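Notebook open, viewer open. I want to walk through the strands and then the helices, jotting down what I look up as I go.

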Amino acid sequence: MKVTEHIAEATEPIVSLEILPPTKGKSIESIYKQLDPLMEFKPAFINVTYHRAEQVYKKRPDGSFERVEIRKRPGTVGICAALMNKYKIEAIPHLICGGFSREETENALIDLHFLGVKNVLALRGDAAANEKFFTPHPNGHRYAEDLVKQVISLNKGSYIEEDIMDGVKTDFCIGVAGYPEKHFEAPNLDTDIYYLKRKIELGADYVTTQMFFENQHYYNYINRCAEHGVTVPIMPGLKPLTSKRQLTMIPSIFNVEVPVDLYNEMMKAKTDADCEQVGTEWLLAQCRDLLKNKVPVLHFYTLGKPHVVYNVLKQLF
Ligand code: FAD
């Protein structure tokens, strides 16, 4: 079922989860161990992130170095198929532009269509680790909107090879990313929303937001989006913040603010367990406030802390 259909038919708030594929060499059991307890809350979707290849230098026996490409977290498509099979749930693969040619993207979409995947999250991806700025693949996409266009083309049965007549039409529901505190490259929030609107006008169906720790950022964002004419569902992205290290790490990686009250409470915490307690209570309060304000979906970045999300959900539902 498509995300938009779930939202339209829901009579209660929907729980959505996001996981990372395990690092190469680890078993998929580690994913099941995270997700099994959370099934109690009947999540409607599980997003699976995509991690592009990284260039690393490997030492040769003669002492020289060679540049090799490695993928630390492969398996996004396989995990989606496994989750759909095991939990009978909608798995949503993240598709990125970075590192992909248009042909490779088309082939990935064909695989996903054959597997019965109904939803994709279309993203640009970040610059590769060895780049300062995002550089598209020579035959790939520069912006997420170009990827949205490609998915829409395939939904119309139009393939890259023009001699494919009567091509099978895929039927993907397309999500895109939104940034309540603006994307770090955008000069201002309005310009960022202008480009978000273009993704919607091209055919994207819904938005999932970057994490935020202050609900007012989300409320301002949905109001500003509405003023710009963006009326599709905008799912709030929520992450438990559970350690002092994250107080500086999260803002530097995700370009989001940690509110002063959360910072102060976390700094007062004496043990790791105290930190986790502070983060759990903060997330719980955020969720309660969002539900009070009738958000249709709570999207949790579980990222290795499924028990915190579990404890929050247990108190909510
Ligand atoms: P875009 O929509 O292309 O926007 C990128 C920037 O360009 C923005 O500043 C925007 O304002 C601007 N812009 C957009 N279109 C145009 C245009 N036509 N002309 C000029 N400027 C334009 N990354 C991963 O690698 N893997 C993941 O699995 C992943 N999952 C994510 C999930 C969510 C919910 C979110 C919010 C982010 C995720 N990311 C992931 C990170 C994301 O790839 C980065 O934030 C990336 O830098 C931007 O992606 P985007 O899709 O928002 O890009």
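How many bridges join strand S1 to S10, and do they run parallel or antiparallel? I count 5 bridges between S1 (residues 14-19) and S10, and the two strands run parallel. Note to self: this is a predicted model.

**Entry: the barrel**

I followed the pairing onward from S1. The 8 strands close into a barrel, in the order S1-S2-S5-S6-S7-S8-S9-S10, with parallel pairing. I also looked up the turn between neighbouring strands of this sheet, and on average it is 25°, direction ignored. A reminder for the margin: strands of a sheet pair through backbone hydrogen bonds, either parallel or antiparallel.

**Entry: Ser16 and its partners**

I picked Ser16 to see how S1 is held on its two sides. In S10, the bridge partner of Ser16 is His299. In S2, Ser16 has Phe45 as its bridge partner. S2 covers residues 45-48, and I find 4 bridges between S1 and S2, again in the parallel sense.

**Entry: S10**

Next I stayed with His299 and looked at the strand around it. Gly237 stands opposite His299 in S10. Strand S9 (residues 234-238) pairs with S10 over 2 bridges, in the parallel sense.

Are the residues of S10 buried or exposed? S10 spans residues 297-301, and 5 of its 5 residues are buried, so I wrote it down as mostly covered under the below-20% cut-off for relative accessible area. I sorted the side chains by direction too. Val297, His299 and Tyr301 point one way from S10, Leu298 and Phe300 point the other way, and all of them are buried.

**Entry: S5**

I went round to S5 (90-96) for a second look at burial. S5 is mostly covered as well, with 7 of its 7 residues buried. On one side I have Glu90, Ile92, His94 and Ile96, and on the other Ala91, Pro93 and Leu95; all are buried, which leaves both faces of S5 covered.

For its neighbours, I find S2 and S5 paired in the parallel sense over 4 bridges, with Ala91 in S5 as the bridge partner of Ile46. S5 and S6 run parallel and are joined by 3 bridges. There, Leu95 has Ala122 in S6 as its bridge partner.

**Entry: helices across the strands**

Helix H5 (residues 144-155) lies across S5, S6 (119-123) and S7 (173-178), and I get an angle of about 150° to S6. H7 lies across S7, S8 (206-211) and S9, running at about 160° to S9.

I checked one residue of H5, Lys149. Its relative accessibility is 41%, so Lys149 counts as partly exposed. I also looked up its separation from Leu202: the two are 53 residues apart in sequence, but 6.4 Å apart in space, C-alpha to C-alpha.

**Entry: H6 against H7**

At what angle do the axes of H6 and H7 cross? I get roughly 60° for H6 (residues 189-202) and H7 (residues 215-227), whose axes come within 10 Å. That angle makes H6 oblique to H7. I noted the crossing as right-handed.

Which residues meet there? From H6 I listed Leu189, Asp190, Ile193 and Leu196, and from H7 Tyr221, Arg224 and Cys225. I sorted the residues of this contact into 5 nonpolar, no polar and 2 charged.

Notes:
Residues are numbered from 1 along each chain as its sequence is written. This is a predicted model: local features need pLDDT of at least 70, side-chain atom pairs count only at pLDDT 80 or more; totals for chains, interfaces and linings use all residues. Side-chain values use heavy atoms; hydrogens and water are left out. Axes are lines fitted to C-alpha atoms, for helices over the stretch in contact, and angles run from 0 to 180 degrees between N-to-C directions. Angles under 35 degrees count as roughly parallel, over 145 as roughly antiparallel, 65 to 115 as roughly perpendicular and the rest as oblique. A crossing is left-handed if the near helix is turned anticlockwise from the far one by less than a right angle, and right-handed if clockwise. Contact means heavy atoms within 4.5 Å. Ala, Val, Leu, Ile, Met, Phe, Trp, Tyr, Cys and Pro count as nonpolar, Asp, Glu, Lys and Arg as charged, and the others, Gly among them, as polar. Buried means under 20% relative accessible area, exposed over 50%, partly exposed in between (1.4 Å probe, protein chains only). Two strands pair if DSSP finds at least two bridges between them.
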